[in-house]
Amino acid sequence: MDVTGGRTQKPSGIPGLPDPSDAVAVAASYADDGANKLFVDVVDPWERIDDYLPPLLHRLKSTGLSLLVSVGHGVIPSAGHVGHLLESGADVVSSSTSMIENPEVVKEAINRYGGDRFTIVINSRPREGGGWAVHTHNGVRKTSVDTVELARELGHLRVGALLPNAVDREGVGHGYDLVLTRAVAEASGLPVIASGGCGTLEHLGEALGKGGATYVLVNSMVHSGKFSIAGIRDSLMAASPFA
């Protein structure tokens with residue numbers, strides 16, 4: 001769920017919401033539908049969140065959801081900022097940009113709070129000649145960092161999970177980059193969250209199977225009201241060989 005100013009960045013299409021931009025109401029509807037994890041992606045920078053984010057996280061926590069929180073495109077100014085989020089109700093903190101631009105701060109926070117309290121988002125785009133390059137600032141700025149090499153390093157840090165986001169597929173609905181997802185999973189040995197490009201229920205199953213993902217990130221397909229959490233769960237269960 002993308003958040004700005006304490007409300008959802010776009011109104012939700014979930015039927016029956018009296019206020020489709022009320023972040024807590026949207027989260028509660030997910031929880032009632034069977035969700036147990038929510039990625040709260042706060043797009044505002046740190047200097048604009050003090051008035052609303054701590055009380056918002058407390059209210060979101062009351063829905064019973066486990067909260068993964070990112071601020072300002074994955075920026076972590078200091079280990080103390082991570083502690084502030086955890087004290088306010090975050091279960092896990094996400095970093096992306098700071099893992100590239102200020103890795104020592106992220107590593108200090110990991111050492112202080114434990115790797116299981118962190119998910120690292122690796123915004124990636126394909127590069128000429130094969131492989132993927134990491135991009136920072138919400139996937140806008142290209143770096144020379146290799147996605148798979150970063151995944152391997154993060155495996156040594158034992159963070160809780162990696163989220164390799166296929167930036168070029170976001171909002172397209174053509175499916176996750178399964179090769180990217182599996183490459184990151186194999187290089188890191190960590191749980192991986194597939195992200196970027198999901199448009200159908202079949203795409204979810206492909207990521208969990210061929211893509212080697214442990215989790216799948218869904219955003220617009222549920223925020224729009226096109227699919228429900230319960231419907232997604234039932235579809236995946238029906239397609240599972242263990243069902």
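**Helix packing, loops and salt bridges**

Trainee: Which residues of α8 meet which residues of α10?

Mentor: In this predicted model, L201, L204, G205 and L208 of α8 meet I232, S235 and L236 of α10.

Trainee: How do the residues of that contact divide into nonpolar, polar and charged?

Mentor: The contact of α8 with α10 has 5 nonpolar residues and 2 polar ones. No charged residue takes part in it.

Trainee: At what angle do α8 and α10 pack, and how far apart are their axes?

Mentor: The angle is about 55 degrees, and the axes are 10 Å apart. Helix α8 covers residues 201-208, and helix α10 covers residues 229-239. That angle makes α8 oblique to α10.

Trainee: Is the crossing of α8 and α10 left-handed or right-handed?

Mentor: The crossing of these two helices is right-handed.

Trainee: Staying on α10's stretch of sequence, what do the side chains of R233 and D234 form?

Mentor: R233 and D234 form a salt bridge, at 3.2 Å from N to O. R233 has a relative accessible area of 40%, so it is partly exposed. D234 is partly exposed too, at 44%.

Trainee: Which residues are joined into one network by salt bridges that share partners?

Mentor: E104, K107 and E153 are joined that way.

Trainee: How many salt bridges does the count come to?

Mentor: The count comes to 9 salt bridges. One of them links R7 and D19.

Trainee: How far apart are the closest N and O atoms of R7 and D19?

Mentor: They are 3.0 Å apart. R7 sits in strand β2, residues 7-8, while D19 is in the loop between β2 and α1 (23-32), so the pair ties together parts that are 12 residues apart in sequence.

Trainee: Are R7 and D19 buried, partly exposed or exposed?

Mentor: R7 is partly exposed, with a relative accessible area of 37%. D19 is also partly exposed, at 27%.

Trainee: Where do R112 and E108 lie?

Mentor: Both are in helix α5, residues 103-113. They are 4 residues apart, about one turn of the helix. R112 forms a salt bridge with E108, and the closest N and O atoms are 3.1 Å apart. E108 is partly exposed, with 39% relative accessible area.

Trainee: Switching to backbone. What is phi of N138?

Mentor: Phi of N138 is near 65 degrees. That is a positive value in a residue other than glycine. N138 is in the loop between β7 (132-136) and β8 (141-146). At 41% relative accessibility, N138 counts as partly exposed.

Trainee: And what is phi of R158?

Mentor: Phi of R158 is near 60 degrees, a positive value, and R158 is not a glycine either. R158 lies in the loop between α6 (147-157) and β9 (161-166).

Trainee: Where does G160 lie?

Mentor: G160 is in the loop between α6 and β9. G160 counts as partly exposed, at 29% relative accessibility.

Trainee: What does G160 touch, not counting residues up to four places away in sequence?

Mentor: G160 touches G115, D116, F118 and P191.

Trainee: What separates the C-alpha atoms of G160 and P191?

Mentor: They are separated by 7.1 Å. Along the chain, G160 and P191 are 31 residues apart.

Definitions and conventions: Residues numbered from 1 in each chain as written. Predicted model: local features only at pLDDT ≥ 70, side-chain atom pairs only at ≥ 80, totals over all residues. Heavy atoms only, no water. Axes fitted to C-alpha atoms, helices over the stretch in contact; angles between N-to-C directions. Parallel < 35°, antiparallel > 145°, perpendicular 65-115°, else oblique. Left-handed = near helix turned anticlockwise from the far one by under 90°. Contact = heavy atoms within 4.5 Å. Nonpolar A, V, L, I, M, F, W, Y, C, P; charged D, E, K, R; others polar. Buried < 20%, exposed > 50% of the residue type's maximum accessible area, 1.4 Å probe, protein only. Salt bridge = Lys/Arg side-chain N within 4 Å of Asp/Glu carboxyl O.
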